[in-house]
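Here is a short tour of a small model, written for someone who likes to check the coordinates along the way. Have a look at the structure first, and then we can go through its strands and its overall build.

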Amino acid sequence: MKVLLIDKSIDGAPQETIKVPIFVLKILLKILPAKGNSLLADMSFDIGEIIEACDIDSKFIKTIDVTENGVEKKVVLSVK
């Protein structure tokens, strides 16, 4: 089963890893209003892009810089 790995780090030190099964993203894409999906895509979290990469068996990895509670973090999204 493919999963989306969400790895958070601060200054290169791993902080947290979250695993989300791809089937959950497929359900979320169906029930999430278009506006919500658009807002996520604007923040570089495009659910459709992740699902498409899985469907064609392509590698997916994306790095996003975020600020969470005033702390700069690097978030790496990848599919395994």
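Strand 3 (residues 61-68) and strand 4 are antiparallel partners, held together by eight bridges in this predicted model. The two strands make a hairpin, with two residues between them. In that turn, Asn69 has a positive phi of about 55°, which is a handy angle to look up if you are scanning backbone torsions.

Strand 4 has a second partner as well. Strand 1 (residues 3-10) runs antiparallel to strand 4 (residues 71-79), and six bridges join them. Val75 is a good place to see both pairings: Ile64 has Val75 as its bridge partner in strand 4, and Lys8 stands opposite Val75 too.

The pairings can be set side by side:

| Strands | Sense | Bridges |
|---|---|---|
| Strand 1 (residues 3-10) and strand 4 (residues 71-79) | antiparallel | six bridges |
| Strand 3 (residues 61-68) and strand 4 | antiparallel | eight bridges |

Is Ser78 buried or exposed? Ser78, which lies in strand 4, has a relative accessibility of 5% and therefore counts as buried, the cut-off being under 20%. Leaving aside residues up to four places away in sequence, Ser78 touches Val3, Leu4 and Leu5, along with Phe60 and Ile61. As a general point, side chains in a regular strand alternate between the two faces of the sheet.

Stepping back to the whole chain, three helices and four strands make up its secondary structure. Read from the N terminus, the order of elements is β-β-α-α-α-β-β. The chain has a radius of gyration of 13 Å, close to the 12 Å that the globule rule gives for 80 residues, so it is as compact as a globular protein of that length. The C-alpha trace spans about 35 × 30 × 15 Å along its principal axes.

How much of the chain is buried? Of the 80 residues, 29% are buried. Among contacts with a separation of 6 or more, 40% are between residues 24 or more positions apart.

The surface and the charges complete the picture. About 5500 Å² of the chain is exposed, and carbon and sulfur atoms supply 57% of that area. The chain carries 11 positive and 12 negative charges, and the mean positions of the two sets are 5 Å apart.

Key:
Residues are numbered from 1 along each chain as its sequence is written. This is a predicted model: local features need pLDDT of at least 70, side-chain atom pairs count only at pLDDT 80 or more; totals for chains, interfaces and linings use all residues. Side-chain values use heavy atoms; hydrogens and water are left out. The radius of gyration is taken over C-alpha atoms; the globule rule is 2.2 Å times the number of residues to the power 0.38. Buried means under 20% relative accessible area, exposed over 50%, partly exposed in between (1.4 Å probe, protein chains only). Contact means heavy atoms within 4.5 Å. Accessible areas come from the Shrake-Rupley method with a 1.4 Å probe; for residues, only the protein chains shown count as cover. Lys and Arg count as positive and Asp and Glu as negative; His and the chain ends are not counted. The place of a charge is taken as NZ of Lys, CZ of Arg, CG of Asp or CD of Glu. Two strands pair if DSSP finds at least two bridges between them.
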